[in-house]
Amino acid sequence: MSGLAMSESGLDLSHHLCSEARVRKPNPMKAIWRLTRRKPNMVSLANGDPHFSLYPLRKMEFEVASVAEEDPVASWRLDSKGPSQLLTSTIDGPCALSLKTGLAYSNGAGLPEAQRAITELTNFYHSPPDHMATLTLGNSDGITKCFRLLGEPGDHFLTDEFAFSSVTNAALPQGINWVPVKMDEGGLIPEELENTMANWKPEQGRKPHVLYTVPCGQNPTGSTLSVERRKKIYALAQRFDLIIVEDDPYYFLQYDNNSEKLSADSPFMPSFLSMDVDGRVMRVDSFSKVMAPGMRLGWITSSAAFYEQLVSYTDSSTQHPHGFGQMLITEMLGAHGWGLGGFDKWVRSLRAEYHRRRDFCLELFEREVGATGFASTNPPEAGMFLWVRVNVEKHPRYRCDMRRGDQDGPQTNVAQLMEELFEHCLDDGLVVMPASIFACPVGPKHSDKENPIEDRLHYLRVTFAGTEDVMREGFSILGRVLKQFFTEVQK
């Protein structure tokens, strides 16, 4: 096992694997499948694959946006008959990934052609020194597989104190306990991470060995870790022997807060993966935010050590990702599709569009909501969300003296007032996401008794991913609701 878990740096990370991963055996049929590529034209009487002549498909065509345009996203969005490009996969014709291959059984890493295309894409942006790609059924599948690989019942994982609830909930049935790390406008605070690890007590249980974080456009807060913070966090991961699960679906939606118009060649932030010299980063990517969420295709980039374990787990669980998505991506990134240069042009054009929507959203917010004096927000540096701070302390029924003596629990009634505000929004026809649903689930041993999260739930998450008309109507309602809520007659 230690041989498989040895990174190129010589660092043995096998102790991070859970007991289930240690005893899991490779799927022997999948192992034989890999042997079929030993030489061309192997004669197989082994697998029970339906023969490709029985597939009711002969050709698939994908009409995609043309990246020959100067601003491909604007051309595609504004003109329903705008320039396009046709990608074709045939049963056995000249294409990057044929239907004959793409729709057959594969192994857990994905088809070699698709895996190679994804690897080249990852190298293009991150240049990791010793890592391999494993295809997944989107981000959620990738994240839960990382948790399953690393998590033992009773383990403690670290994460942002406000996090996407479906992800944190996914770890709970495994018996994994969450330990939240405080955040500010710049995201996870390295000093808080250091404080948590340096002051961990044996009675709290096994010391955390995994940090799950969203470094760009964090959901829900919209915060983005600076390069300096990333370096500090990685150094702490080395010091305290942490595995970093880097979930980065908003990586390509990075903005420039110092410029009204985003430059096409503005660089992307260095990722944890690009800094990883130990093989301790497992990066989770997806096409959901830059292509379409219904594609359900993503990938994990990890050291060769964890790659073998991920493939073994996938071969005995979900099996390989669907061939349709693999064919589309392989053709798109291939010589007859967009290629890496075309993909880069598309995502840079896409982030310029989201940058425009973000600025439109911020102008609306200031006019309709900020002007009330009852809420404020900061421009996010990435992603598609605004984290709106509601000035609950201005409400006539706000209280900050709810504790008595040595009593634990919240000092304020922020949670109650925010729940009321949420209900008022619904009554007026507006759906927003309250901070309470993103609060990291935490047990009494790890809760902050001095500054409990219940006193810091004065936030709403809103998105600028929708249309301008939706934003106009939504912020108009929110501003009106806030005025009514804060000027109510005191009961």
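User: Which side chain meets R229 in a salt bridge?

Analyst: Happy to walk you through that. This is a predicted model, and in this model R229 pairs with D184, with 2.9 Å from N to O. The general idea is that a salt bridge needs a Lys or Arg side-chain nitrogen within 4 Å of a carboxyl oxygen of Asp or Glu. Here the pair links distant parts of the chain: R229 sits in helix α9, D184 in strand β6, 45 residues apart.

User: Are R229 and D184 buried or partly exposed?

Analyst: Buried means under 20% relative accessible area. R229, at 18%, is therefore buried, while D184 counts as partly exposed because its value is 28%.

User: Which residue forms a salt bridge with R456?

Analyst: That is E161, with the closest N and O atoms 2.5 Å apart. R456 lies in the loop between β14 and β15, E161 in the loop between β4 and α7, and 295 residues separate them. Both ends are buried: R456 has 15% relative accessibility and E161 has 5%.

User: Let's turn to a helix. How do I read α14, and which of its residues are buried?

Analyst: Start with its length. At 1.5 Å a residue, the 14 residues of α14 should span 20 Å, and the end C-alpha atoms are indeed 20 Å apart. Its buried residues are V414, L417, M418, L421, F422 and C425. Seen down the axis, they fall within an arc of 145 degrees, so they line one face of the helix.

User: What do those buried residues pack against?

Analyst: They pack against β13, β14, β15 and α15. Just after the helix, G429 takes a positive phi of about 90 degrees.

How values were computed. Residues are numbered from 1 along each chain as its sequence is written. This is a predicted model: local features need pLDDT of at least 70, side-chain atom pairs count only at pLDDT 80 or more; totals for chains, interfaces and linings use all residues. Side-chain values use heavy atoms; hydrogens and water are left out. Helices (H or I, at least four residues) and strands (E, at least two) are DSSP runs, numbered from the N terminus. The expected span of a helix is 1.5 Å times one less than its number of residues. Buried means under 20% relative accessible area, exposed over 50%, partly exposed in between (1.4 Å probe, protein chains only). The arc is that of the directions from the helix axis to the C-beta atoms. Contact means heavy atoms within 4.5 Å.
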